[in-house]
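Please look at the sequence and the 3D structure shown here, and take a moment to turn the model around before reading on. The explanation is meant to be read with both in view.

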Amino acid sequence: MPPKRKPSRIKWTESMINYLFECRTRAEETSRLNDTSNAERYGYMKIIKQLWDEKGYSSLGLTAQNL
């Protein structure tokens, strides 16, 4: 079996960082708008991940926790 390759690090650009902060702000607003019954379904990190993927960064393979 060939040795496992170490995952390469992502070079974060300024635009990626700025968009991540925008996602965070939008997720905070969205999670505040949802009532407590929807809080689990629309968690803060899940919203950030969804916005991130919609922007076209899903190919980077980052999880919600890594963002």
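The paragraphs that follow go from the whole chain to its core, then to its aromatic rings, and finally to two glutamates.

It should be said at the outset that this is a predicted model, and that every value given below was computed from it. The protein chain contains two helices and zero strands. Of its 67 residues, 19% count as buried, and the chain exposes about 5800 Å², of which carbon and sulfur atoms supply 51%. If we consider the contacts in the chain that have a separation of 6 or more, residues 24 or more positions apart account for 50% of them.

Which residues make up the largest nonpolar core? This core has 11 residues, namely Met16, Tyr19, Leu20, Cys23, Ala27, Ile47, Ile48, Leu51, Trp52, Tyr57 and Leu62. The elements that contribute two or more residues to this core are α1, which covers 14–33, and α2, which covers 44–57. One member of the core, cysteine 23, can serve as an example of how such a residue is placed: once its neighbours within four places in sequence are left aside, cysteine 23 is in contact with Ile48, Leu51 and Trp52.

Helix α2 deserves a closer look of its own. It has 14 residues and reaches 18 Å from its first C-alpha to its last, which is close to the 20 Å expected at 1.5 Å a residue. The buried residues of α2 are Ile47, Ile48, Lys49, Leu51, Trp52 and Tyr57, so that a lysine appears in this list beside the other residues.

We can now turn to the aromatic rings. A pair of aromatic rings is described by the distance of the centres and the angle of the planes. In this chain the count comes to four aromatic pairs. One of them is formed by tyrosine 19 and tyrosine 57, whose rings are 6.3 Å apart centre to centre with 50 degrees between the planes, and this pair is tilted. Because tyrosine 19 lies in helix α1 and tyrosine 57 in helix α2, the pair ties together parts that are 38 residues apart in sequence. Tyrosine 19 and tyrosine 57 are both buried. The rings of tryptophan 52 and tyrosine 57 have their centres 4.3 Å apart and their planes at 25 degrees, and therefore this pair is stacked. Tryptophan 52, like tyrosine 57, is buried. Ring pairs link Trp12, Tyr19, Trp52 and Tyr57 into a cluster. A charged side chain also belongs in this part of the picture, since lysine 55 lies over the face of tyrosine 19, at 5.0 Å from the ring centre.

Finally, consider two glutamates that follow one another in the chain. Glutamate 28 has its place in helix α1, and it counts as partly exposed because its relative accessibility is 26%. The C-alpha atoms of glutamate 28 and tyrosine 44 are separated by 6.6 Å, although the two residues are 16 residues apart along the chain. Glutamate 29 is likewise in helix α1, and at 44% relative accessibility glutamate 29 also counts as partly exposed. Between the C-alpha atoms of glutamate 29 and tyrosine 44, which are 15 residues apart along the chain, the separation is 9.5 Å.

Terms used. Residues numbered from 1 in each chain as written. Predicted model: local features only at pLDDT ≥ 70, side-chain atom pairs only at ≥ 80, totals over all residues. Heavy atoms only, no water. Core = buried A, V, L, I, M, F, W, Y, C linked by side-chain atoms within 4.5 Å. Buried < 20%, exposed > 50% of the residue type's maximum accessible area, 1.4 Å probe, protein only. Helix = DSSP H or I, 4+ residues; strand = E, 2+ residues; numbered from the N terminus. Contact = heavy atoms within 4.5 Å. Expected span 1.5 Å × (residues − 1). Areas by Shrake-Rupley, 256 points an atom, 1.4 Å probe, with all protein chains shown as cover. Phe/Tyr/Trp six-rings, centres within 6.5 Å; stacked < 30°, edge-to-face > 60°. Lys NZ or Arg CZ within 6 Å of the ring centre and 35° of its normal.
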